[in-house]
Amino acid sequence: MTTELKNNHALILRTNGEFEIIDWPACGDRGHLEILYRATDSRAVDGIDISPTLTMWLNNSAPNANAPVNRTASILYALHREPHQLYHGTTVFTGGADPQGETRGLTKDEVASLVEMHLTFLPVTVPGMRDRRSS
């Protein structure tokens with residue numbers, strides 16, 4: 001019995017460190033752009049191909065609108081390609097394009113890998129154990 005990988009997710013990374021995993025419509029379905037517009041709060045998005053299987057989408061006017069730097073998105077880009085700039089605003093990660101140029105979604109494993117990288121680079125302090133004697 002074979003398990004088919006479903007490419008039906010996308011990952012939204014916000015500048016404050018929050019993330020959201022969303023459903024991504026199958027290739028050929030309409031609605032990809034509307035999802036990107038809502039997620040980035042923009043009607044003008046750019047897709048940056050990080051690899052053949054990973055695309056980062058962002059509001060193309062975010063730097064000019066003084067949107068905060070998306071630290072994790074900038075680091076995720078740099079882990080795959082030579083960095084040349086910082087990325088601003090909320091970003092959406094999807095799969096690469098299929099042979100017809102349609103944007104694929106991410107598998108659960110791909111999302112999990114991106115979330116793990118995201119959490120690795122968040123500036124979070126984990127509290128230490130409390131001493132029970134002082135309770």
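In the predicted model, 55% of the contacts in the protein chain between residues at least 6 apart in sequence join residues at least 24 apart. The protein chain contains three helices and five strands, and their order along the sequence is β-β-α-β-β-α-β-α. Of its 135 residues, 39% count as buried. The accessible surface of the protein chain amounts to about 8,800 Å², and carbon and sulfur atoms account for 50% of this area.

One aromatic pair is present in the structure. The pair is formed by Tyr-77 and Tyr-87, whose ring centres are 5.3 Å apart. The pair is classed as tilted because the ring planes stand at 55 degrees, a value that is neither under 30 degrees, as required for stacked rings, nor over 60, as required for edge-to-face rings. Tyr-77 belongs to helix α2, which spans residues 71-80, whereas Tyr-87 is found in the loop between α2 and β5 (91-94). The pair therefore ties together parts that are ten residues apart in sequence. Both Tyr-77 and Tyr-87 are buried.

Side chains of opposite charge can pair when their charged atoms come close. Two salt bridges were found in a search of the whole structure. In one of them, the side chains of Arg-14 and Glu-20 meet with an N to O distance of 2.8 Å. Arg-14 has a relative accessibility of 25% and so counts as partly exposed; Glu-20, with a relative accessible area of 33%, is also partly exposed. A salt bridge also links Arg-43 to Glu-34, with the closest N and O atoms 3.2 Å apart. Here Arg-43 is exposed, its relative accessible area being 58%, while Glu-34 is partly exposed at 34%. The value for Arg-43 lies over the 50% cut-off for exposed residues, and the value for Glu-34 falls between the limits of 20% and 50% that bound the partly exposed class.

A nonpolar patch is also found on the surface. Phe-19, Ile-21 and Leu-119 make up this patch, which covers about 260 Å². One of these residues, Leu-119, is located in helix α3, comprising residues 108-121. Leu-119 has a relative accessible area of 46% and is therefore partly exposed. This value also satisfies the requirement that patch residues have over 30% relative accessible area.

Terms used: Residues numbered from 1 in each chain as written. Predicted model: local features only at pLDDT ≥ 70, side-chain atom pairs only at ≥ 80, totals over all residues. Heavy atoms only, no water. Salt bridge = Lys/Arg side-chain N within 4 Å of Asp/Glu carboxyl O. Buried < 20%, exposed > 50% of the residue type's maximum accessible area, 1.4 Å probe, protein only. Patch = residues over 30% accessible without salt bridge, like charges linked within 9 Å, V, L, I, M, F, W, Y side chains within 5 Å. Areas by Shrake-Rupley, 256 points an atom, 1.4 Å probe, with all protein chains shown as cover. Helix = DSSP H or I, 4+ residues; strand = E, 2+ residues; numbered from the N terminus. Phe/Tyr/Trp six-rings, centres within 6.5 Å; stacked < 30°, edge-to-face > 60°. Contact = heavy atoms within 4.5 Å.
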